[in-house]
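Work through the exercises below with the structure open. Each task is followed by a solution in steps.

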Amino acid sequence: MAQIDARLRAAMRPSAAALEPYDPHFTPVEVNLSANENTYGMPQAVHDKVVEALAAVATNRYPRAMSDDLRRAIADWHGVDPSQVIVGNGGDELLFNLFLAFGGSMGRLVEATPDFSVYRLYAELVETPVVSVPRDPVTFSPNVEALVEAARMATLVVVTSPNNPTGDLFPLDGVRALCEACPGVVLVDEAYAEFADPGTSAEPLLATCPNLAVLHTFSKAFSLAAGRVGYVLADPSVVGALSAVRQPYSVNSFSQAAALVAAKNREAFVPTIEAIRRDREPLRQRLAALPGVTAWPSQANFLCVRVPDAHRAWERLRDEHSILVRDFSSTPGLEGCLRITVGRPEENDRVVEALARILQA
Ligand SMILES: *Cc1c(COP(=O)(O)O)cnc(C)c1O
């Protein structure tokens, strides 16, 4: 995909020249279950309020640099002080800022693979040595003991809960042990926390673990992937470090306005979140009943499934059934695996029926 002329490539920072651009393999299809969006979309009443808020934005003025109104609303929502909140241009910007601040050639990342591929991408871009502690190849459970051991030498530990793409939670006593062991920052990426069982978030540990950071996003449960807004909850000194390296106006005024409406109207998203939670396990069981399929339990809005001849199945879903899911079959540790977003009931029916046809042949 990268068409970079050799002479120009020689002038690039080696860590950048070595990278392949992130390619989500998007293709227009009728049923897109590939990116873990909330496929119900925003409730109409909230959408109307977003449109109204967008219309009121003063386009000639720079945005509030620290998203003050949104920051205050997020702080009230999570019961923390505004100084413990930083908003970013998607969770991805905050992840990148974390690597700018705590990565680099003198730093060290510890992670539990397979996990979100963006961590390694950013680590490599800023030349951060990476220690990957593999999950159990059958259950995908993280090796907490080995992670804690590795964390002693880390400047940054990232764990994902629920994990993308395996769907499992990271145990809270493990988070506490990581925070005690790590001289740097421990990030718990909770991009899918709204879909998980109550009481599973690491947020309550913020009160006792000053090096803990918790990442959230408006992209998944809150139907605002288009707006690119995420936030980190952490000690004010971690927020300070992330503020120091950020681009001054990274979160534009439209996105701030839209996310503020979503935050204030968060109760309106509960019905679709509950529907997705309710449909998740029945969908898993229907997929697991197909010939040769393994489907892991999930606490997120997606399922990790292992299917025979997975890459071919992925292609046939796309080309013969106009259904897009995510192909992880060439990722180490995820051989044969696809990730399927839990969508609306009719979308879930279509993916089960299509996979049944593909696999019976
Ligand atoms: C989607 C996702 C994010 C952040 O997404 P943004 O759209 O950048 O907010 C972060 N971590 C994980 C694991 C994700 O899947």
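**Exercise 1. A helix on the sheet**

Task: State which strands helix α5 lies across, and at what angle it runs to β2.

Solution. The model is a predicted one. Helix α5 covers residues 90-102 and lies across β2, β3, β5, β6 (185-189), β7 (212-217) and β8 (229-234). Its direction is at about 110° to β2.

**Exercise 2. The order of the strands**

Task: Give the strand order of the open sheet, then find which strands stand at the edges.

Solution. Step one is the order: seven strands are arranged as β2-β8-β7-β6-β5-β3-β4, with mixed pairing. Step two is the edges: β2 (85-89) and β4 (130-132) each have a single partner strand, so one side of each lacks a neighbour in the sheet. From one strand to the next, the twist averages 20°.

Step three looks at one pair within the sheet. Strands β3 (residues 109-111) and β5 (residues 156-160) run parallel and are joined by three bridges. V110 has V157 of β5 as its bridge partner.

**Exercise 3. Two helix pairs**

Task: Decide whether α4 and α10 are roughly parallel or roughly antiparallel, and do likewise for α11 and α13.

Solution. Start with α4 (residues 68-78) and α10 (residues 253-264): their axes come within 9 Å and cross at roughly 25°. Angles under 35 degrees count as roughly parallel, so α4 is roughly parallel to α10. The crossing is left-handed. On the α4 side the contact is made by D69, L70, A73 and W77, and on the α10 side by Q256, A259, L260 and A263. Six of these contact residues are nonpolar, one is polar and one is charged.

Now take α11 (residues 270-288) and α13 (residues 345-360), whose axes come within 10 Å and cross at roughly 10°. These two helices are therefore roughly parallel as well. D279, L283, R286 and L287 of α11 meet P345, N348, D349, V352 and L355 of α13. The contact residues divide into five nonpolar, one polar and three charged.

**Exercise 4. Backbone exceptions**

Task: Find where P114 and P162 lie, and say whether S223 and D309 are buried or exposed.

Solution. Most residues other than glycine have a negative phi, and most peptide bonds are trans.

- The T113 to P114 bond is cis, with omega near 0°; P114 sits in the loop between β3 and α6 (118-125).
- The S161 to P162 bond is cis, with omega near -5°; P162 sits in the loop between β5 and α8 (172-181).
- S223, in the loop between β7 and β8, has a positive phi of about 55°. Its relative accessible area is 18%, so S223 is buried.
- D309, in the loop between β10 (302-306) and α12 (310-321), has a positive phi near 50°. Its relative accessible area is 58%, so D309 is exposed.

Conventions
Residues are numbered from 1 along each chain as its sequence is written. This is a predicted model: local features need pLDDT of at least 70, side-chain atom pairs count only at pLDDT 80 or more; totals for chains, interfaces and linings use all residues. Side-chain values use heavy atoms; hydrogens and water are left out. Axes are lines fitted to C-alpha atoms, for helices over the stretch in contact, and angles run from 0 to 180 degrees between N-to-C directions. Helices (H or I, at least four residues) and strands (E, at least two) are DSSP runs, numbered from the N terminus. Angles under 35 degrees count as roughly parallel, over 145 as roughly antiparallel, 65 to 115 as roughly perpendicular and the rest as oblique. A crossing is left-handed if the near helix is turned anticlockwise from the far one by less than a right angle, and right-handed if clockwise. Contact means heavy atoms within 4.5 Å. Ala, Val, Leu, Ile, Met, Phe, Trp, Tyr, Cys and Pro count as nonpolar, Asp, Glu, Lys and Arg as charged, and the others, Gly among them, as polar. Two strands pair if DSSP finds at least two bridges between them. Buried means under 20% relative accessible area, exposed over 50%, partly exposed in between (1.4 Å probe, protein chains only).
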